[in-house]
Amino acid sequence: MDLGDKKCWGNSKKDNWRTTLVLAYQSLGVVYGDLSISPIYVYKSTFAEDIHHSETNEEIFGVLSFVFWTLTLVPLFKYVFIVLRADDNGEGGTFALYSLICRHARVSLLPNRQTADESLSTYKLEQPPKRENGSKFKELLEKHKSLHTALLILVLLGTCMVIGDGLLTPVISVFSAVSGLELSMSKAHHEYAVIPITCFILVCLFAIQHYGSHKIGFIFVPIVLLWLLCISGLGLCNILYWDPYVYKALSPYYMYKFLKKTKKRGWMSLGGILLCITGSEAMFADLGHFSYAAIQIAFTFLVYPALILGYMGQAAYLSKHHQIAHDISYYVSVPASVRWPVLIIAILASVVGSQAIISGTFSIINQSQSLGCFPRVKVVHTSDKKHGQIYIPEVNWILMILCIVVTIGFRDTKHMGNASGLAVMAVMMVTTCLTSLVIVICWNKPPILALCFLLFFGSIELLYFSASLVKFREGAWLPILYALILVTITFVWHYVTTKKYEYDLQNKVSLEWLLALGPSLGISRVPGIGLVFTDLTSGIPANFSRFVTNLPEFHRILVFVCVKFVPVPFIPPAERYLIGRVGPASLRSYRCIVRYGYRDVHQDVDSFESELVNRIADFIRYDWTHPEPEPSTVPGHEDESARSPGECRLAVIGNSNSFEYEDSLQQVGVSGSFQTVESVADIIDDVEMEMKQPIKRRHVTFAIDDDICGGAEELRMKEEVQDLLDAQQSGTAFILGHSHVKARQGSSVWKRLAINVRYNFLRRNCRGPDVVLKVPPVSLLEVGMVYVV
């Protein structure tokens, strides 16, 4: 939910503030679970090996100063006040930044971009004053395709590191929380208890994912709130009781003293300090579920003060207890009388934080799949009421196995912290780079401002990243290896998907060529609807021509369906369907482009089929009552090629009462309030058309009148709609391509390895398009196709 997109009726600002405060409260259980649990393992990871707590307290006060300023500069200043403003229609995350950049500059490698997409309401572009230097930078970025590829790899790297964080965060959070048992049992028993208990909790956590978090999500917020109150309350007590003057350590001077004394060892210990900001990226990634104001209020007035008090309280306690220099953990600063309740709350909070990152992993993999950057996997929507609640079985069980392996393999917080820290900083560095591009390209700010942002925050993150990278052999190798594997998979899949589209585009055939073969092949029409799925937005795909030449018949109603993903988070249902004719009306052949955003929920096949038939019926009525303009004024609607001969205009068919089109784009858009297919024989409503002529747009409201399409045209219109309804009653067949891809002869070894081995291995072992589209096997027709790319 985004308050910016909601209309608040009434004249009371009190309701707005009440809604914002409710969202701020709800964000605690989703956004801050990971960030709030970090006090458990930050000091323990920092003092694991490189530095040691001494009687001078310079180390502990220096670490506290680093923690304070890191929390202040990165989550508070960078994310809350800058990055959260770079939203994409209220959505955040790596793909939101990439989507914004792709809409403002032609840097996307997706080849099916259409001018019609720019008329979407969610595609709106802000037009601040343009700057000459910014325009030159944009032209440079658009000119070189190698920069487009580099940008995509950067986005994929950030995405893969987020997925890696989904592996490491549950491990270190649960393991650190369970480690509190070491104070309640002997060392021998502790070594044999912590690992099995951690593994058991992780198995239970992943085993309940298919139920969806909405069923138990109502307890997430109280758990995180109770944990924040717990660490802040204990921290305040420790400050007042042990060292009321610990606040002096917040001075940056203590960072200087720390580095001066510890030198290289202090720099290497930064890999543990950076764990205090794990989970900060969630504030931006989960922006779409809440609002900017809600996340800002929750972090600024509750999470941030609670974390600072928690870290200060630990430092105050440790400054007076030098005898535990080799046993620094969060639980030693907890009074023995409340240690067990705190341990239980910590374990529950770690589970909540792990649940949030697992759900985020499912979401980002679904987005990657939508943009053609990830192999097809089964996506299950666990809630009919709450948008975005998804579950991916294959990913869930793979993550569970890897989490168990990492837990058993590492066995200590030090190695887990090194691995998690590197993944976190890599994601933040990618976000910093993409935000810098947004500042120049989307906000049209001076490049010097973007450069200052990049250098300031980038240097901080690079410092922490280098400290994590130096621990390569001590755990940091894991996220690097994991990211390399995932980047290879995603890039190879995206590369071959793009090459397949280009092959289809070059080998498509015209409708006239296909019809010319009719007499020689004896093509016949059979009852029913044939839905031919293709990636093309124009022309006849080669696999359908192969189907017809081998089996010379097709259905009475033929629909070429293109399910296309647009670089926007959501597309309103009223703007989802672009429909037009393929050939004359007597052919009963249509083209339907179904547009989805990268966060949209795909329809089930039954509802999709019914919705598609309804929209085609609406288009038929619109087409007969609004004749197409003369050929000289027909607007072009595609970027990659001119409209194929025999194809008519594409109209935006929806269920609202108005339509609009952008004169400058020359794109027709229609949303008709028509009757349903079941009421085909009813009398069409009276006409009501109102024309408005603002400078840039025209808004037209209409309904169809019997007088407009009277006589023979009315009968032909009703006959065509009736044919559509009869065909639906006869049944629907789904015609999909079953592709095999191989590299051209003479291709390089790397290309043959990527296509012939890696891609085909992924294709054989992932879900087919029929499973993704949920096509019933009894209605499926597959056409074999060999792609040589």
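This passage describes two helix pairs, one helix with a buried face, and two loop residues in a predicted model.

Helices H10 and H11 form the pair considered here at the outset. H10 covers residues 253-262 and H11 covers residues 264-273. Their axes come within 5 Å and cross at roughly 120°. H10 and H11 are therefore oblique to each other. On the H10 side, the contact involves Phe258, Leu259, Lys261 and Thr262. These residues meet Lys264, Arg265, Gly266, Trp267 and Ser269 in H11. By class, the contact of H10 with H11 has three nonpolar, three polar and three charged residues.

Helices H18 and H24 pack at an angle of about 100°. H18 spans residues 477-506, H24 spans residues 749-765, and their axes are 10 Å apart. That angle makes H18 roughly perpendicular to H24, because values of 65 to 115 degrees fall in this class. H18 contributes Thr488, Ile489, Val492, Trp493, Tyr495, Val496 and Lys500 to the contact. H24 contributes Lys751, Ala754, Ile755, Arg758, Tyr759, Leu762 and Arg763. The residues of this contact divide into nine nonpolar, one polar and four charged.

Helix H15 runs over residues 393-410. At 1.5 Å a residue, its 18 residues should span 26 Å. The end C-alpha atoms of H15 are 26 Å apart, which agrees. Ten positions deserve listing by name: Pro393, Val395, Asn396, Leu399, Met400, Cys403, Ile404, Val406, Thr407 and Phe410 are buried in H15. Seen down the axis of H15, the buried residues fall within an arc of 165°, so they line one face of the helix. An α-helix has 3.6 residues a turn, so residues three or four places apart point the same way. The face of H15 turned away from the buried side carries exposed residues, namely Ile398, Ile401, Val405 and Gly409.

Backbone angles in two loops complete the description. Most residues other than glycine have a negative phi. Arginine 411, just after H15, takes a positive phi of about 65°. This arginine 411 lies in the loop between H15 and helix H16 (413-442). Asparagine 444 also is not a glycine, and has a positive phi of about 55°. Asparagine 444 is found in the loop between H16 and helix H17 (447-469). At 14% relative accessibility, asparagine 444 counts as buried, because the cut-off for buried is under 20%.

Technical notes
Residues numbered from 1 in each chain as written. Predicted model: local features only at pLDDT ≥ 70, side-chain atom pairs only at ≥ 80, totals over all residues. Heavy atoms only, no water. Axes fitted to C-alpha atoms, helices over the stretch in contact; angles between N-to-C directions. Helix = DSSP H or I, 4+ residues; strand = E, 2+ residues; numbered from the N terminus. Parallel < 35°, antiparallel > 145°, perpendicular 65-115°, else oblique. Contact = heavy atoms within 4.5 Å. Nonpolar A, V, L, I, M, F, W, Y, C, P; charged D, E, K, R; others polar. Expected span 1.5 Å × (residues − 1). Buried < 20%, exposed > 50% of the residue type's maximum accessible area, 1.4 Å probe, protein only. Arc of directions from axis to C-beta.
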